[in-house]
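Visitor: I would like a close look at a single part of this structure, with its surroundings described residue by residue. Please give the cut-offs behind each term as you go.

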Amino acid sequence: MMKTKTCIGAALLLVLSGCASSPENMDEANASAISYQDFSCDLMAVEAKLITTKMEELQESGAKKQYRALKRQKKALARSANKKDCPAGTV
């Protein structure tokens, strides 16, 4: 009986671990555009430039985790700009 429970538990852990995503594999779409809902198109453009500059610095330093976080943030900013019909090139 105990051996059966152990086997079931091990199988369950194996199945669930296959479903988990590591932070490195998370989709950029997971960042929320809600943060930018009150931003004007001009403010979004300024924010995009700041994010891009920081991304370039992080890429040079090899800080992959922070770089990916900013990449998700920039995609969220782009989604907000798109919802507000900001001019092309805003983000």
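Guide: A contact, as the word is used here, means heavy atoms within 4.5 Å. With that rule, and not counting residues up to four places away in sequence, A76 touches A31, S32, A33 and Y36. The model is a predicted one, in which local features need pLDDT of at least 70 and side-chain atom pairs count only at pLDDT 80 or more, while totals for chains, interfaces and linings use all residues. Residues are numbered from 1 along each chain as its sequence is written, and side-chain values use heavy atoms, with hydrogens and water left out.

The setting is a protein whose elements run α-α-α from the N terminus on, with three helices and zero strands in its secondary structure (helices are DSSP runs of H or I of at least four residues, strands are runs of E of at least two, and both are numbered from the N terminus). A76 lies in helix α3, which covers residues 64–83. With a relative accessible area of 1%, A76 is buried (buried means under 20% relative accessible area, exposed over 50%, and partly exposed in between, with a 1.4 Å probe and protein chains only). The C-alpha atoms of A76 and A31 are separated by 5.7 Å, although these residues are 45 apart along the chain. For the protein as a whole, 68% of the contacts between residues at least 6 apart in sequence join residues at least 24 apart.

Helix α3 also holds S80, which counts as buried at 6% relative accessibility. Leaving aside neighbours within four places in sequence, S80 is in contact with A33, Y36, Q37 and M44.

Y36 appears in both of these contact lists, and its own list, with the same four-place exclusion, is made up of M44, E47, I51, Q73, A76, L77, S80 and K84. The largest nonpolar core has 15 residues, and those with the most contacts inside it are Y36, M44, I51, L70, A76 and L77 (a nonpolar core is a set of buried Ala, Val, Leu, Ile, Met, Phe, Trp, Tyr and Cys residues joined through side-chain atoms within 4.5 Å). Helices α2 (41–61) and α3 each supply at least two residues of this core, and α2 gives the most to it, with five residues. In soluble globular proteins, nonpolar side chains tend to be buried together. Buried residues make up 20% of the 91 residues in this protein.

Y36 has an aromatic side to its surroundings as well, since a search of the whole structure finds one aromatic pair (rings of Phe, Tyr and Trp, the last by its six-membered ring, pair if their centres lie within 6.5 Å; planes under 30 degrees apart count as stacked, over 60 as edge-to-face and the rest as tilted). The ring centres of Y36 and F39 are 5.2 Å apart and their planes stand at 90 degrees, so the pair is edge-to-face. Both Y36 and F39 are buried.
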